[in-house]
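The following exercises are to be worked with the sequence and the model in view. Each task is followed by a stepwise solution.

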Amino acid sequence: MSIQTCPVCGVKILQIIGGDRVIFSAGTPGTRATLWARVCQYNQKPGCINQNKDAIGEIKSSDRYQSDR
Ligand SMILES: [Zn+2]
């Protein structure tokens with residue numbers, strides 16, 4: 001198991017068998033898609049390690065912040 005930290009977003013990505021886990025400073029862990037939907041798509045800065053669409057995969061509506069809950 002290895003851990004990557006996105007220097008732009010400051011989020012840790014655990015690389016484990018079966019898919020990456022993203023550790024947020026608050027809330028439950030998510031996927032790379034969650035990270036992109038919540039953080040990386042707004043940053044769009046060079047150095048972000050989560051801008052590869054192939055690695056991110058499909059963004060589900062549950063990956064976005066639920067502002068009405
Ligand atoms: Zn990032």
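**Exercise 1. The hairpin**

Strands β1 and β2 form a hairpin in which 6 residues lie between them, and G10 in the turn has a positive phi of about 70°. The model is a predicted one: local features need pLDDT of at least 70, side-chain atom pairs count only at pLDDT 80 or more, and totals for chains, interfaces and linings use all residues. Residues are numbered from 1 along each chain as its sequence is written.

Task: State in which sense β1 and β2 pair, and which residue of β2 is the bridge partner of T5.

Solution.
1. Strands are DSSP runs of E with at least two residues, helices are runs of H or I with at least four, and both are numbered from the N terminus.
2. Two strands pair if DSSP finds at least two bridges between them.
3. β1 (residues 2-5) pairs with β2 in the antiparallel sense, over 4 bridges.
4. The bridge partner of T5 in β2 is K12.

**Exercise 2. The helix α1**

Task: Identify the buried residues of α1 and what covers them.

Solution.
1. A residue is buried if 20 or more other C-beta atoms lie within 10 Å of its own, exposed if 12 or fewer, and partly exposed in between, with C-beta atoms placed from the backbone.
2. In α1, the buried residues are R32, A33, T34, L35, W36, A37 and C40.
3. Their cover includes β2 (12-16), β3 (19-23) and α2 (53-56).
4. After α1 comes Q44, with a positive phi near 50°.

**Exercise 3. The core**

Task: List the residues of the largest nonpolar core and name the element that gives the most to this core.

Solution.
1. A nonpolar core is a set of buried Ala, Val, Leu, Ile, Met, Phe, Trp, Tyr and Cys residues joined through C-beta atoms within 7 Å.
2. The largest such core has 10 residues: C9, V11, I13, V22, A33, L35, W36, A37, C40 and I56.
3. α1 gives the most to this core, with 5 residues.
4. Two residues are in contact if their C-beta atoms, placed from the backbone, lie within 7 Å; leaving aside neighbours within four places in sequence, I56 is in contact with R32, A33, W36 and N50.

**Exercise 4. The whole chain**

Task: Give the order of helices and strands along the sequence, and the radius of gyration of the protein.

Solution.
1. Along the sequence the pattern is β-β-β-α-α.
2. The radius of gyration, taken over C-alpha atoms, is compared with the globule rule, 2.2 Å times the number of residues to the power 0.38.
3. The radius of gyration is 11 Å, close to the 11 Å that the rule gives for 69 residues, so the protein is as compact as a globular protein of that length.
4. Of the 69 residues, 19% count as buried.
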